[in-house]
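Me: I should like a close look at a single part of this assembly, namely chain B and the contacts made with the neighbouring chains. Please treat the matter in one connected account.

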Amino acid sequence: MELIILLGVPLAAGLLLALYGHKERAAELNAVMSFLTFVAAAFLTARVIRDGPMMVWEENFFIDSFNVFLVALTAFVGFTTSLFSRPYMRNEHHAGKLNPARLRLYHSMFQLFMFTMLLALLTNNMGILWVAMEAATLTTVLLVSLYRTPASLEAAWKYFILCGVGIAQALFGTILLYFAAERVIGGGGTSLLWTHLNDVKGQLEPTVLSLAFVFLLVGYGTKVGLAPLHNWLPDAHAEGPTPVSAVLSGLLLNVALYAVVRAKVLVDGALQTHFAGNLMMGFGLFSVVVGAFFLSRQKDVKRLFGYSSIEHMGIVTFAFGMGGPIANFAALLHMTVHSLTKSAIFFTVGHAAQKTGTQLIANIRGLADTNPAIGWGLMLGSLAILGMPPFGVFASEFLILTTAMHEHPWATPFLLVSLGVAFAAVFSRVQEMVFGETTAKRLPHSPALIPVFIHLGLVLMLGLYIPPYLADWYRQAAALIG
Amino acid sequence: MDSLSAIAANVQPLHFVLGVMVAWLILGGLGLVAQHSLDFVGHGLFPASAVASLVLAGAGLAALGAPSQAMILALGLPDLPFHVRLDALSAFFLVLLGGASAGISIYSAGYFRQGEGTPPGVHCVLYQVFLAAMAAVIIADDAYMFMVAWETMALSSYFLVTSNHKIPAIRSAGFLYLLLAHIGAIGILLCFGIMQGGHGDYTFATMRAAPLTEFWASAAFLLALFGFGAKAGVLPMHAWLPEAHPAAPTPVSALMSGVMLKTAIYGLLRVTFDLLQIQLPWWGVLALVLGLMTALFGVMFAAVQTDMKRLLAYSSIENIGIILAGFGLTLIFHTYNAGPLAALALAATLYHCINHAFFKSLLFLVTGTVLHSTNTRSLGKLGGLIRHMPWVAWLGLIGTIAIAGLPPLNGFVSEWLLLQAFLATPGLPSSYLSMLVPVGAAAFVLAAALAGYVMVKFYGVIFLGQPREEKLARAHDATWLERIGLVWLAAGCVVLGVVPVFVLGQLDHVNAMLTGHLLGQQVGGAGWLFVSAMAPERASYSPLLFLLGVLAALGATFALVRKLYHGRMRRGPAWDCGFPLQTARMQDTAEGFGQPIKQIFEPVFRIDRHMPSPFDELPRYEGKAEDKLWYALYLPVARAVEWISASISILQSGRIHIYLLYSFVTLLVLLIFVR
Amino acid sequence: MTPTFAGQLINLLAALLLLIAFAMLSQRRVLSLIYLFAWQGFVLVLSTTLVAYSTGQHHLYYSAALTLILKVFALPWILHRLIIRLNIKWDVETLINIPTTMLLGIVLVIFAFNLALPISQLASTVTKNTLGIAMACVLLAFLMMITRRKAVPQVIGFLAIENGLFFAATSATYGMPMVVEFGVALDVLVGTFIFGIFFFQIRETFDSLDIHHLEKLKED
Amino acid sequence: MIHSIFTQLLQTLLIVGLAPLLVGWVNQCRAWLQNKSGAGVLQPYRVLHKLFNKDAVLADGASPLFRLAPYVQFGCMALVGTIVPVLATDLPFAAAADVIALVGLFALARLFAALAAMDVGTAFGSMGARREMLVACLAEPALLMVFFTPSLIAQSTSLPTIVETLAHREFVLYPSLAFAAIAFYMVSLAENARIPVDNPTTHLELTMIHEAMILEYSARHLALIEWASAIKLMNYSVIGISLFLPWGIVEAEGWLLIPVALAALFAKLLAGGAALALLETLSAKMRIFRAPEFLGTAFLLAVLGMLIRLALEK
């Protein structure tokens, strides 16, 4: 039941807004719809917490503790983002950057994007998962190119081509998976169902699975933004509207990584080696290093945080690669707090950019003076994302680093250097943006910063106190991933 | 204080400690509520916080003797709630924190003015969080809580440092500070990562139990030395210290220099002696050498400073170096199973910690008052203030004598004990050490002597002589609240200096815990009046008799002179060898004081001189002494990062074909890798 | 065992597919590139129906039909219209000259075959050896995307990859589950539309479809 | 007990009282060596008396610290006089301070002298203070290193113990002590503002060190300072004696031996004073920036002595 609402609402909203997205109250409608989705997700979550994993519609949908928390997260961030985007897009409209048609496109695509995200998370079918990911790419491509400026066109084009090709490789991986599966399960619809694959993963053909995993990793890894497949990410984050950057960083990357992890579970089961883990650790570590060093050259604030997303996805991938209860727990926690924090940062950055009329770091100064809320939101958010306690990001990085030190000490020097460089790069810029003499101006529509502080509040809580049910939830998921 | 400790003894001191922390946080919250009412914040919250500090010190005193108590809080990670534990070591540092912060808080009550950077309420909340975080660091009993408290401490102090963020210099100072603090914290984190059991249990209890090979133990120690050294300002991670201390509001500088640096020492002791099961001699040698280098470096740079707060900051580096040297000595003795000597060295180390907490805070607060009444930190614009601000001047004199390590005040006691420990090293089995360590003693003594030079410069240029500017005549003395704080700290210096036997008696609990040996009779052997190293006939020193002796001799002379002769006296212009026209500008300046040191220890500095040419209209000589390490270490690292990121940015060439090629090549490589 | 007649036919078609892939790689004119793409689709349809017939997998008929509509008529038609509307006269420019590209292609084919060999040993289907060819097609199309400088050929390369994948799906595994097939088809269709939109936007923004206009966003 | 208290008082009075005499003796010897008749050994007493009788003139700017300083210096020096074993080793007060504390005591006096010199704020005063502190902060480590050698021998830093070890255990030749002795001699020259580091009788302000500090003082304050420096010289002499030629100092209860000890003390002091005068006559004052090298040499010698002690005399 919840499932119908959960998937139906965004789809319906997408179609509805495709017609009325330019109307005066469209933004509110958008927010309301997102809220409904969030409520449905909450109920679903409650149900799963109450009576464990569930299958729906002849096993086509499978909800376990792993994806349900991502569903809740996605719905939640989607909701807060819709809240944020209401005044933001109005300001953009006011500034003449958007005409009604674009606004319509934006609203409907936003909802469809949410739909694809949720579908990708909820489906039990690796094929549908692929379809949903591809659809997500298509919707976001339109969102990224929303402004139709040369830069945004270029960003969207690169995004489209790179992710399209990547996703195609993922399809090949899926085909190989099916190829291996049907020899065990037999053809027909059921042999791409993850649950079935999971049951028989022991018997799946190792060589095929390892090949399949390579394709899946390269494919979905492109969307996760793992170096050296990351090139689309900073452009797309910098050139799209800020709410889109927020959901890209906060949700899309998570979902793509979710797909990779689902595949890893099967491959580990089939190979009985640490092959997949090693690959992910390698990619993760490389992404951390690359992301960190790119950070220290940024002039555009949204680009800056785009690269920071690459770095953090690298950390999460590395953690999943290490495996084991603690590392997986930490990785899931990091996914959560990263998407919360990063979206909050993008909210503040968006308003800061609007207020100063530029995305260039050099021209954004003294936010703490004119708009303390934005300034301190940005400051605290950045400190949180840099792994400063008592925020949740620190909790996960604490677990990841200590575990790494204990199990893969060779990796820690890279992590130490990268985290140091990242800190220097980001904080030196944020400090200058928040402090000092100001350059900001007034805006017609006052910014919506409640989401920012809700997110940061949650992140703060996760740093000091993780509610028991959430913890169990993480533990089950971690155990599930193995 | 005794009555307090008596009360605290009945209930669990740990409860008091937690209560004080909560109280601090509440006070901070109140400050946030009434942000701009200076009166409420100043005369309400800060004194209350000072009282809380006293309670904390009392609880610490009570807990020193008592057996250790532990608790588990309902916060933290699911599998890892916050563990807190109060044993002798933590108790000692709590006493240090409480004692010093009491004076600083009451001083701050009178210090913070309207319209200086952030509003007083915000100051208040950050200040109280800073205090609470330091207390949390000291009582934390698991790695997670320790790290959270540690970084919170760094963060709150960072915001305090940058409270006047309109000034770019202050911003960059704060950035450098937080950066080094964060990198150091990661080092500590990795150290804990080595020591943890590997199954998600980060309590110190399991770390104590975890057996480590020599290699991993050494790795953990080195990481700890790096991490905690970065916080304490040990060479070569000292660069932030002389920048951040002057930038911060004065009470904050006092708190950072007096107390926060000691939390790093606490962590080092905790990890090395408590958490690690084995210790190796070379660790001690390393710490000793580093410490002595740091001490000499600090004092030499202090000698050439012209900004009074920078001077004190460098002197803090020197004292940290001395403390680290004592730590290394302790480690050496401990690893050679010279228990009693280890206890002696450790006692000296801890003693110097608490001494430094008191006299350095005192001196920083003195500079604070001077700063407020003259609006200048530059020694070149001060002078003769003893006439306009006698309270500050005379209390400052006490601090000066104490930090110069002169009897009968506290600075001398710890240095005396440390020297005794140095003298005992020839007993060591390793012939190299037994010969080299006494030479180290020479370096230590040189540092101490130079400290005397520095302090004469500091005190003389600020308070003595003729005022170098007109406006100094309008300088006003400290407010009554500030006076209370100064008097408290000065009294601390005197008491710590005069009754060392009692202090050492308290320190013995820590000795017993860390080295397993008591000083006991070694120091108290000759009765409460005499403190003695190892044995009374070996060496003994009685500050009280000493003080009485000086006073008696002084009084007797005075009386006799007055009795036998007369007390007639008249005033006249200064003679100065009949030199006719003398202005205040003819006095020796701070640069003048620095010059001989620059000349003698030339190789240490990186001096860029600006020589006047014979044809200059306004010929001026300028010689700036800079930190070689900054150019030899920090800038190269920065350049390296710059270079790497520049060369890595080829990855993002903007050409889609290249991007596709990456993806293609990655795929092929992986496929080959799979085959 | 020697494959059945149908199997041999399918292998023949597979070879044809590979040939077309090479042809596309070497093709200089954009229009004929589109025709080749249509032909590739057509061969795909043939092979699919053949597989469906020889193995009695009925849902493969649907996907064959789908392919026929989509890849033989719809997409080429759309692309053709685009070319006309944007009146693109130019020939395809490559980054690396054609012979080198061909050599690389051959290397890729060998690599793909070797890669597919152990897998095709496992395959129980009549068409087991085609997996290598499918993989080769994918890689060749990929290579084409890398080497072409204009937007349209890149898109065609992208669609060619899709073809290779589809061939792999049908030949190696008798087709994916129907729902997946539909999903994939839908995505391809939408994707092509979006590509179309993009062509116009890029065209009107940079009045050219040359990709080197799209190299502004980078680290300097 | 009575004995110890008696000796304590006796030696204190002796040192405080005879200090000017020693200075007088040194000056007299120097005069003789320079073929002058000299003012007689009692001249310092006359000077002191005259100064005490004068009216004090205080510079306008002078703060209370300025007036306090002379008493502190005098007090410290007198206190040192009660600690060093001169006649007998059982001094009740000696336990209050060991050699390290002695150095501290000297430093305390010096600190006040320097601060007082800066107090009036004249060019020469602050210059003198700076130079004094410079010399001191280089001399102090050397002095402590000197003290360490006998301390290592006696396994103790308290002077009575050292004296007992050196004078009343079986007689041993310590080459390390020779180094220490030379170093000590150089240091005490520097500390007491004698040639070649400083010239107590100079009248050129620019070359002054100690004299420059006390230019502003007059009358009883000046007298106290002069006296204090005299006691300082005395103290250094007796410390040197008790460290390097301790023979004759009484160990325990021995009324009869006190006169012997007295005689020995006088003999040593006369000889030492004469030697000092001779050296001052023969050598010339060096430039201020040669002083660091001079003291560095002393420091080196002291460390060498200690190393020799550690290496050879095990």
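Reply: Four pairs of chains are in contact in this predicted model, and among these pairs chains B and D share the most contacts. In that interface, 69 residues of chain D are in contact with 68 residues of chain B. On the chain D side, the elements that contribute two or more residues are α2 (43–53), β1 (56–59), α3 (64–83), α4 (99–119), α5 (123–154), α9 (219–244) and α11 (291–312) of chain D. The greatest contribution to this side comes from α5(D), which supplies 16 residues. By class, the side of chain D that touches chain B consists of 46 nonpolar, 14 polar and nine charged residues.

Strand pairing also links these two chains. Strand β5 of chain B, residues 569–572, is joined to β1(D) by four bridges, and the two strands run parallel. Within this pairing, Leu58(D) in β1(D) stands opposite Arg571(B).

Chain D has no such relation to chains A and C. Chain A and chain D are joined by no contact, and their closest C-alpha atoms lie 41 Å apart. Chain C and chain D likewise do not touch, with 55 Å between their nearest C-alpha atoms.

Chain B also meets chain A. This contact takes 49 residues from chain A and 46 residues from chain B. On the chain A side, two or more residues each come from α6 (150–184), α8 (206–224), α11, α16 (392–407), α17 (412–434) and α19 (468–481) of chain A. Of these, α17(A) gives the most, with 10 residues. The side of chain A that touches chain B divides into 33 nonpolar, 13 polar and three charged residues.

One helix pair in the contact between chains A and B may be examined in detail. Helix α11 of chain A, residues 275–295, packs against helix α23 of chain B, residues 628–648, at an angle of about 110°, and the axes are 8 Å apart. Because angles of 65 to 115 degrees count as roughly perpendicular, α11(A) is roughly perpendicular to α23(B). From α11(A), the residues Val290(A), Phe293(A) and Phe294(A) meet Ile644(B), Ser645(B) and Ile648(B) of α23(B). The residues of this helix contact comprise five nonpolar, one polar and no charged.

Turning to chain B itself, its secondary structure comes to 24 helices and seven strands. Two of the strands, β1(B) and β2(B), form a hairpin with two residues between them. Strand β1(B) covers residues 69–77 and strand β2(B) covers residues 80–86; six bridges join the two, which run antiparallel. In this hairpin, Gln69(B) has Leu86(B) in β2(B) as its bridge partner.

The overall dimensions of chain B complete the account. Its C-alpha atoms fill a box of roughly 105 × 70 × 60 Å along the principal axes. A compact globule of 675 residues would have a radius of gyration near 26 Å, and the 27 Å of chain B therefore agrees with that expectation. Of the 675 residues of chain B, 60% count as buried. Among contacts in chain B between residues at least 6 apart in sequence, 78% join residues at least 24 apart.

Conventions
Residues are numbered from 1 along each chain as its sequence is written. Chains are lettered from A and ligands numbered from 1 in the order in which they are written. This is a predicted model: local features need pLDDT of at least 70, side-chain atom pairs count only at pLDDT 80 or more; totals for chains, interfaces and linings use all residues. Two residues are in contact if their C-beta atoms, placed from the backbone, lie within 7 Å. Ala, Val, Leu, Ile, Met, Phe, Trp, Tyr, Cys and Pro count as nonpolar, Asp, Glu, Lys and Arg as charged, and the others, Gly among them, as polar. Two strands pair if DSSP finds at least two bridges between them. Axes are lines fitted to C-alpha atoms, for helices over the stretch in contact, and angles run from 0 to 180 degrees between N-to-C directions. Angles under 35 degrees count as roughly parallel, over 145 as roughly antiparallel, 65 to 115 as roughly perpendicular and the rest as oblique. The radius of gyration is taken over C-alpha atoms; the globule rule is 2.2 Å times the number of residues to the power 0.38. A residue is buried if 20 or more other C-beta atoms lie within 10 Å of its own, exposed if 12 or fewer, and partly exposed in between; C-beta atoms are placed from the backbone.
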